[in-house]
Amino acid sequence: MEKKQNNKPGFNLSWLYMIIIFGLGILLFTDGFGRSGYEKEVSYTEFQSYVATGKGDKVVLDKGSGIARLTIKPEHVRDVFKKSAEEVGKDPAATTRIGNPASFEDFVSKYPVQVTYEEKVNYFSYFLSFIVPVLLLVGLWYFMFRRAGGGGASGGIFSVGKSKARLFEKGQGTQILFKDVAGQEGAKQEVKEIVDFLKNPAKYTELGGKIPKGALLVGPPGTGKTLLAKAVAGEANVPFFSLAGSDFVEMFVGVGASRVRDLFRQAKEKAPAIIFIDEIDAIGRARGKNASFGTNDERENTLNQLLTEMDGFDTNSGIIILAATNRVEILDAALLRPGRFDRQIYLDLPELAERVAIFKVHLAPLKLAEGLDVEFLARQTPGFSGADIANVCNEAALIAARHNSPCVSIQDFLDAVDRTVGGLEKKTKVMTESEKRSIAIHEAGHASVSWLLEYGNPLVKVTIIPRGRALGAAWYLPEERVNSTKEHILDNICSLVAGRAAEELFTGHISTGALSDLERATKAAYSMVVYYGMSDKMLNLCYYNNQENVFSKPYSDATAQKIDEEVRTIVNEQYERAKALLQQNAEKHNRLAEKLVEHEVVFADDVEEIFGKRPWKSRADELLEEQRKAETESKTAESDDNLPPTPAPDEQ
């Protein structure tokens, strides 16, 4: 038999709350009690006439509120209320508010009415007026401190000193391994030892060795410091505490130090474990060099507690600290000493071979056109970090989708590189023919001189299409050198000022378009004189100072004058050198400028057709040849290992 469905609504506590609130409202607005009978408020004059004419027999005066109530006799009900006695009920009354109680008492004493006095207190109203503000203040206080402490689930105000580290438990880690980190082979080799210790600590401790407590990952932004730390956690398969340096900073005094203590307490409970602090310069800045000027700085207290904790646990307790920063020069010296962050692992910008490996990682999920040359893409992105390359790959995919292409082609990648380096192309910008020709002469000057100089950067392409704030641009493939010589820097300065030199020679005037070129040339010349000691008059002198808040130059005014003269001499000499090169190759330069005016974009092949092949071999080509040779040898060795063993002579 089918059970009959019960459609009656169930009991809900919110109904009870509504009934209670409704009842309290009635009590509040009815003074906490109800009166029997009918009441009519009249003027004081009418009230006096009712008393004088004997229409009432009893007067009740409330001294607290100043209201007088006259009970009307049944025979006078219709005269006063214009209603029958049945309609007004029992004890109908007329009420009025009196001004002077003494004069009112004199008045009623003249007539035969019964006068009584009462002073009623509405205790419910008093209670509400007291308890409601208190409840509001308590509720506001509770809400604010719950928000400050991170919510009710985490303990509210009582959890404000707890660590905010995100924990990846063993077996539930980041799932990122060393194979996912392309390039940075030297850095990976360093951290692999950390992973080996966490997996097999006895291998090191049995020989009496001590594993470093901490490793500091240093490098420019986007080089993969955080990614490498995640790979360490994924490879080691141990609990991984991840947080940023700013997570220790809070508006309450002492919270940062408390969170440091709580972080290390949790790590000890789950040892072996890894603690990773990203952007540690947020709390690790050198003490006494910030702008606090003697005030109690919460960041310094946090740093002191971090230094204490790193010294407080045993060397072989299984806790290893990884930290990342791109401003190692501002960190406190006590943080970098042996016994704390023993190792500094530097992650530099990837070279050509490393960029090829990074491109292969980020190209894997893309739908690519056939025959895409990854080495060519790596050549077009000198100085790019891993994050920049990832952005180029993503931008290329978006450009291909915008053009409704079935796959991502090489042109999409070139457009993505152009947009990343130069900005968005401004197709709507209007230029006159004279402006267009002047820009072409300027950019052709850069391209010509850099092509003719031995240490000039090899040209990729030249364009006069406006991008970003630039009216034109020349893309180069700088040679990735570990060390630069004086000749390299001078050739670079000569190439930078060649644009203005071309304007002066072939147009007879100079323009404001050389602002960026002059800025870079001046900085390069200043670095030669002040930092690298490459000046003829100030040879082997260095005034480099990496300290913060330096309010004075580390040299005298007389030396500053010499520096200015040397910088001016270097730039002017290279300017005259660029003019001489352009005069010697004026016809070729003009052909290149005309080609720019006609096509707006000129590539290295076009320049080679005009100027001839460059006789100098680039360092990038040498590196690629070395890499290919090493890969060939590795494949040959692997194939030899897979061959069956050669039988001995007596077995044949």
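In these legends a residue is called buried when its relative accessible area is under 20%, exposed when that area is over 50%, and partly exposed in between, with a 1.4 Å probe and protein chains only. The views show a predicted model, in which local features need pLDDT of at least 70 and side-chain atom pairs count only at pLDDT 80 or more, while totals for chains, interfaces and linings use all residues. Residues are numbered from 1 along each chain as its sequence is written, and side-chain values use heavy atoms, with hydrogens and water left out.

**View A. Two residues with positive phi, Asn540 and Lys82.** Most residues other than glycine have a negative phi. Asn540, which is not a glycine, has a positive phi of about 65 degrees and lies in the loop between helix 20 and helix 21, where helices (H or I, at least four residues) and strands (E, at least two) are DSSP runs numbered from the N terminus. Asn540 is exposed, at 64% relative accessibility. Lys82, also not a glycine, has a positive phi of about 60 degrees; Lys82 sits in the loop between helix 3 (77-81) and helix 4 (85-88) and is exposed at 64% relative accessibility.

**View B. The open sheet of 5 strands.** The strand order is 1-4-3-2-5, with mixed pairing, two strands being paired if DSSP finds at least two bridges between them. Strand 1 (39-41) and strand 5 (114-118) stand at the edges with a single partner strand each, so one side of each has no neighbour in the sheet. Neighbouring strands are turned against each other by 25 degrees on average, direction ignored; axes here are lines fitted to C-alpha atoms, for helices over the stretch in contact, and angles run from 0 to 180 degrees between N-to-C directions. Strand 2 (residues 56-62) runs parallel to strand 5 and is joined to it by 5 bridges, and Leu61 stands opposite Tyr117 in strand 5. Helix 2 (residues 44-52) packs on the sheet, touching strand 2, strand 3 (67-72) and strand 4 (93-97), and its direction makes about 40 degrees with that of strand 3.

**View C. Surroundings of Val356 in helix 14 (residues 352-363).** Val356 is buried, with a relative accessible area of 6%. Apart from its neighbours within four places in sequence, Val356 is in contact (heavy atoms within 4.5 Å) with Val374, Glu375 and Ala378. Val356 and Val374 are 18 residues apart along the chain, and their C-alpha atoms are separated by 6.2 Å.
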